[in-house]
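Reader: I've got a fold open on my screen and a few questions about its charged and aromatic side chains. Mind walking me through them?

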Amino acid sequence: MFIPSGPRATAVILRGHQVLLMERFKEAEHYFVFGGGTIEDGEDPVATVIREVAEEFNLIARSPQLLFELEDGTRHEYWFLITDFEGDVQIGGPEKERMTDTNRYVPVWKAWSE
């Protein structure tokens, strides 16, 4: 069950000096976000971040490390560092299903300095 204000698990996926982000093109907007999603009923934050990384990026994440927790005003967030993973990055899951000409998701490796 999706609850917009429910807790969220977020993935900071690093490869060397690069971070994996989801580039978003939504109507006239263009921005980047970290992967992740809402924690489902009965799911713990680690299971959520592993599931979301698999769904969104087609990667198998191993041993996510909790970086920090925060309240953003509407939800509790768990941020995880992931440096141990395998697979070839490609879009998947609900993001792939929601793609249209005006709503696109593109996984990209960006230099951490960017």
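Reader: Let's start with Arg75: which side chain of opposite charge is nearest to Arg75, and how far away is it?

Author: Keep in mind that this is a predicted model. Arg75 sits in the loop between β6 (65-71) and β7 (76-82). Arg75 is buried yet has no salt bridge, and a salt bridge needs a nitrogen and an oxygen within 4 Å. The nearest side chain of opposite charge is Asp72, at 5.3 Å.

Reader: Okay, then which backbone oxygen does the side chain of Arg75 reach?

Author: Arg75 has no salt bridge, but its side chain does find a backbone partner. At 3.2 Å, that partner is the backbone oxygen of Gly6.

Reader: What about Glu23: which side chain does the side chain of Glu23 make a polar contact with?

Author: Glu23 belongs to strand β2 (residues 18-26). Glu23 is also buried without a salt bridge, and Lys110, the nearest side chain of opposite charge, is 6.3 Å away. Leaving out residues up to four places away in sequence, Glu23 touches a set of residues including Tyr31, Phe32, Arg104 and Val108. The polar contact, at 2.5 Å, is with the side chain of His30.

Reader: Now the pairs that do form. How many salt bridges does a search of the whole structure find?

Author: Side chains of opposite charge can pair when their charged atoms come close. Glu40 and Arg51 are one such pair, at 3.7 Å from N to O. Glu40 lies in the loop between β4 (35-38) and α1 (45-57) while Arg51 lies in helix α1, so this pair ties together parts eleven residues apart in sequence. Across the whole structure, the search finds eight.

Reader: Is Arg51 buried or exposed?

Author: The cut-off for buried is under 20% relative accessible area. Its partner Glu40 comes out partly exposed at 36%. Arg51 has a relative accessibility of 18%, so Arg51 counts as buried.

Reader: Which residues do salt bridges that share partners join into one network?

Author: Arg51 also meets Glu43 in a salt bridge at 2.8 Å, N to O. Another salt bridge joins Arg51 to Glu55 at 3.5 Å, and these two both lie in helix α1, four residues apart, about one turn of the helix. Through shared partners, the network takes in Glu40, Glu43, Arg51, Glu52 and Glu55.

Reader: On to the rings. How many aromatic pairs does the structure hold, and what kind is the pair of Phe34 and Trp79?

Author: There are three aromatic pairs in the structure. The rings of Phe34 and Trp79 have centres 5.2 Å apart and planes at 75°, so their pair is edge-to-face. Phe34 is in the loop between β3 (29-33) and β4 and Trp79 is in strand β7, 45 residues apart, so the pair links distant parts of the chain. So that's three pairs, and this one is edge-to-face.

Reader: And what kind is the pair of Phe68 and Trp79?

Author: Trp79 is buried at 15% relative accessible area, whereas Phe68 is partly exposed at 37%. Phe68 is in strand β6 and Trp79 in strand β7, eleven residues apart. Their ring centres are 5.5 Å apart and the planes are at 15°, so the pair is stacked.

Reader: Last one: over which ring does the charged end of Arg104 sit?

Author: Arg15 gives one case of a charge over a ring, with its charged end 4.0 Å from the centre of the Trp109 ring. For Arg104, the distance to the ring centre is 4.2 Å, and the ring is that of Phe25.

Notes
Residues numbered from 1 in each chain as written. Predicted model: local features only at pLDDT ≥ 70, side-chain atom pairs only at ≥ 80, totals over all residues. Heavy atoms only, no water. Buried < 20%, exposed > 50% of the residue type's maximum accessible area, 1.4 Å probe, protein only. Lys, Arg positive; Asp, Glu negative; His and termini not counted. Polar contact = N/O pair within 3.5 Å; in protein donor to acceptor, adjacent residues only side chain to side chain. Contact = heavy atoms within 4.5 Å. Phe/Tyr/Trp six-rings, centres within 6.5 Å; stacked < 30°, edge-to-face > 60°. Lys NZ or Arg CZ within 6 Å of the ring centre and 35° of its normal.
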